[in-house]
Amino acid sequence: ILDPTPEQVTALLTSGLPVNTPSNAALVTYIQDGRRQNLGGTILQGFDFGVRQVWETQAGRFTAGVSGSYLTELETSVAPGAPFTNVRNTINNPLKLRARGSLGWSRGDFSAGLAVNHSPAYDESPALEIDSYTTVDLYLGADLGERSGNGFLNGLKLSLNVSNLFDESP
């Protein structure tokens, strides 16, 4: 704001926003708002999906499922009037596909699960492509509570989670 009124300067100084230096309101010749602002735009289209099945058997409860997201379009513009650029599947932006399949088992106080996560190849830069990769996660759990009767273990649950079980890297 060039040549702000005394009221505008006073409103800024009393707003609680950070001001670079204490100012005499009568000597202020302009106000510059240096806060970051989102001036650009984003066009995003796609869908999320998921399906899960549960089976009760004498061996326990089994579950299986698949879930993920698929982006059909992701374009951004850095400022009003700037052209939109496709950034889907590029570094620091969402991938076109993220998928997870899972299998689980539980019986009584014990449970186990295995999940497989997949990410497709993407471009880190115009000259460098990151290969697709798949990771495996493992879960083991036991509910140890209320069996001891002494109250010490009441509600105690023990679990082990291992993300990226086979140490896969892109």
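So, what radius of gyration does the protein have, and what would a compact globule of 170 residues have? The protein comes in at 27 Å, while the globule would be near 15 Å. For the record, that radius is taken over C-alpha atoms, and the globule rule is 2.2 Å times the number of residues to the power 0.38.

Quick housekeeping before I go on. This is a predicted model, where local features need pLDDT of at least 70 and side-chain atom pairs count only at pLDDT 80 or more, while totals for chains, interfaces and linings use all residues. Residues are numbered from 1 along each chain as its sequence is written, and side-chain values use heavy atoms, with hydrogens and water left out.

Okay, overall picture. Along the principal axes, the C-alpha atoms fill a box of roughly 80 × 55 × 25 Å. The protein has one helix and nine strands, and the helix comes ahead of the strands in the sequence pattern, α-β-β-β-β-β-β-β-β-β. Those are DSSP runs numbered from the N terminus: helices are H or I with at least four residues, strands are E with at least two.

How much of the protein is buried? Buried residues are 17% of the 170, where buried means under 20% relative accessible area, exposed means over 50%, and partly exposed is in between, with a 1.4 Å probe and protein chains only. The exposed surface is about 12,600 Å², with carbon and sulfur atoms supplying 55% of it; that's Shrake-Rupley with a 1.4 Å probe, and for residues only the protein chains shown count as cover. On contacts, meaning heavy atoms within 4.5 Å, look at those with a separation of 6 or more: 47% of them are between residues 24 or more positions apart.

Now let's zoom in on Asn89. Asn89 sits in the loop between β3 (85-86) and β4 (97-107), and its relative accessible area of 11% makes it buried. Phi of Asn89 is near 70°, so a positive value in a residue other than glycine. Remember, most residues other than glycine have a negative phi. A polar atom of the Asn89 side chain lies 2.8 Å from the backbone oxygen of Ala121. A polar contact here is a pair of N or O atoms within 3.5 Å; within protein, one must be able to donate a hydrogen and the other to accept it, and residues adjacent in sequence count only if both atoms are side-chain atoms. Leaving out residues up to four places away in sequence, Asn89 also touches others, including Pro94, Leu95 and Tyr122.

That takes us to Ala121. You'll find Ala121 in the loop between β5 (110-119) and β6 (122-125), partly exposed at 25% relative accessible area. Beyond four places in sequence, the residues touching Ala121 are Asn89, Glu129, Ile130, Asp131 and Ser132. From Ala121 to Phe166 it's 45 residues in sequence and 19 Å in space, C-alpha to C-alpha.

Next, where is Asp137? Asp137 is in strand β8, residues 133-143, and counts as buried because its relative accessibility is 16%. Its side chain reaches the backbone nitrogen of Asn164 at 2.9 Å. Among the other residues Asp137 touches, again skipping those up to four places away, are Arg100, Leu114 and Val162.

Last one, Asp3. Asp3 belongs to the segment before α1 (6-13) and is exposed, with a relative accessible area of 64%. Asp3 is another residue other than glycine with a positive phi, near 50°.
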